[in-house]
Amino acid sequence: MASNDDAVKEARIVDARAQNISHNVRCTECGSQSIEDSQADIAILLRKLIRDEIRTGKSDKEIYKKLEDEFGETILYAPKFDMQTAALWLSPLLVAGAAAGAWAYQKHKQKTNVHIMALNLVRGVPLTPREKETMLDILTPPASQGFKSQEVKTSFWWRRLSGQ
């Protein structure tokens, strides 16, 4: 009776390990399914191969390595991270970082120019036509919307603070 329970327990362990490995292996015929979900002939053969390898005492890493050696790295859903794939994995972060850096530089440059123009005005240094245009764009409030009155456009908080 005890040996029968051990055999059942061993079979459950083999099945659980095989299912875990099979969920992480791509079907070479389907491409979009794991071999656990696929009913293709190659998937059935690979599931049998995995169970046989487990029964012979191989570890999960050894089984993954054997599958990768026989079918290539694309058979695994989680490809390894190495120098070849680092650029592919990190390129979105590099592009986002470069875009954020360029945006921050533009904002800093714009603020610095406004501050320099304001200091020049205080010092009595005449502004160039482009600097005058920039200052007018920054300092001129937006035009009213025709039929809407100016009071409607003022903020609720501003009206409350000013006592209106």
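**Salt bridges, a cysteine pair and a core**

Okay, let me start in helix α2: R55 and D52 sit three residues apart there, so they are separated by about one helical turn. R55 and D52 form a salt bridge, and the closest N and O atoms are 3.6 Å apart. Before I go on, please keep in mind that this is a predicted model.

How exposed are these two residues? R55 is exposed, with a relative accessible area of 57%. D52 comes out at 33% relative accessibility, so that one counts as partly exposed.

Now, D52 has another partner. D52 also forms a salt bridge with K48, and here the closest N and O atoms are 3.1 Å apart. Where are D52 and K48 placed? Both lie in helix α2, which covers residues 41-55, and they are four residues apart, about one turn of the helix.

Let me move on to helix α3, residues 60-71. K65 and D69 are four residues apart in that helix, so about one helical turn separates them. Salt bridges that share partners join K48, D52 and R55 into one network. Back in α3, K65 and D69 form a salt bridge of their own, with 3.4 Å between the closest N and O atoms. K65 is partly exposed, at a relative accessible area of 45%, and D69 is exposed, at 53%. How many salt bridges does the structure hold? Seven, and I've shown you some of them, including D52 with K48.

Next, let's step back and look at the whole chain. There are seven helices and zero strands in it. If you walk along from the N terminus, the elements run α-α-α-α-α-α-α. The chain has 164 residues, and 18% of them count as buried. It exposes about 12800 Å², and carbon and sulfur atoms supply 60% of that area. As for contacts, take those in the chain with a separation of 6 or more: residues 24 or more positions apart account for 41% of them.

On to the cysteines. How many disulfides does the structure hold? Zero. So let's look at C27 and C30. A disulfide is a covalent bond between the sulfur atoms of two cysteines. The cut-off used here puts the two sulfur atoms within 2.5 Å. For C27, the closest cysteine sulfur is in C30, and it is 3.5 Å away, so that is too far for a bond. Turn it around and you get the matching answer: the closest cysteine sulfur to C30 is the one in C27, at 3.5 Å, again too far for a bond.

Is C27 buried or exposed? C27 counts as buried, because its relative accessibility is 1%. C30, at 36% relative accessibility, counts as partly exposed.

C27 also turns up in the surroundings of S34. S34 lies in the loop between α1, residues 2-23, and α2. It's a loop residue, but is S34 buried or exposed? S34 is buried, with a relative accessible area of 4%. What is S34 in contact with? If we leave aside its neighbours within four places in sequence, the list is S22, H23, V25, R26, C27 and Y77.

V25 in that list takes us to the inside. Again setting aside neighbours within four places in sequence, V25 is in contact with Q33, S34, I35, Y64, L67, I75, L76 and Y77. V25 also belongs to the largest nonpolar core, which has 16 residues; those with the most contacts inside it are I21, V25, I35, I50, I54 and L67. Which elements give two or more residues to this core? They are α1, α2 and α3. Of these, α2 gives the most, with four residues. That's the helix I opened with, the one that holds R55 and D52.

Last stop, the outside. There is a nonpolar surface patch of about 720 Å², and F81, L88, W89, L90, L93 and L94 make it up. Let me pick out W89. Its place is in helix α4, residues 83-123. W89 is partly exposed, with a relative accessible area of 48%.

To recap for anyone new to this one: we have seven helices and zero strands, seven salt bridges and zero disulfides. On the inside there's the 16-residue nonpolar core, and on the surface there's the nonpolar patch with W89 in it. Thanks, everyone.

Note on methods. Residues numbered from 1 in each chain as written. Predicted model: local features only at pLDDT ≥ 70, side-chain atom pairs only at ≥ 80, totals over all residues. Heavy atoms only, no water. Buried < 20%, exposed > 50% of the residue type's maximum accessible area, 1.4 Å probe, protein only. Salt bridge = Lys/Arg side-chain N within 4 Å of Asp/Glu carboxyl O. Contact = heavy atoms within 4.5 Å. Patch = residues over 30% accessible without salt bridge, like charges linked within 9 Å, V, L, I, M, F, W, Y side chains within 5 Å. Areas by Shrake-Rupley, 256 points an atom, 1.4 Å probe, with all protein chains shown as cover. Core = buried A, V, L, I, M, F, W, Y, C linked by side-chain atoms within 4.5 Å.
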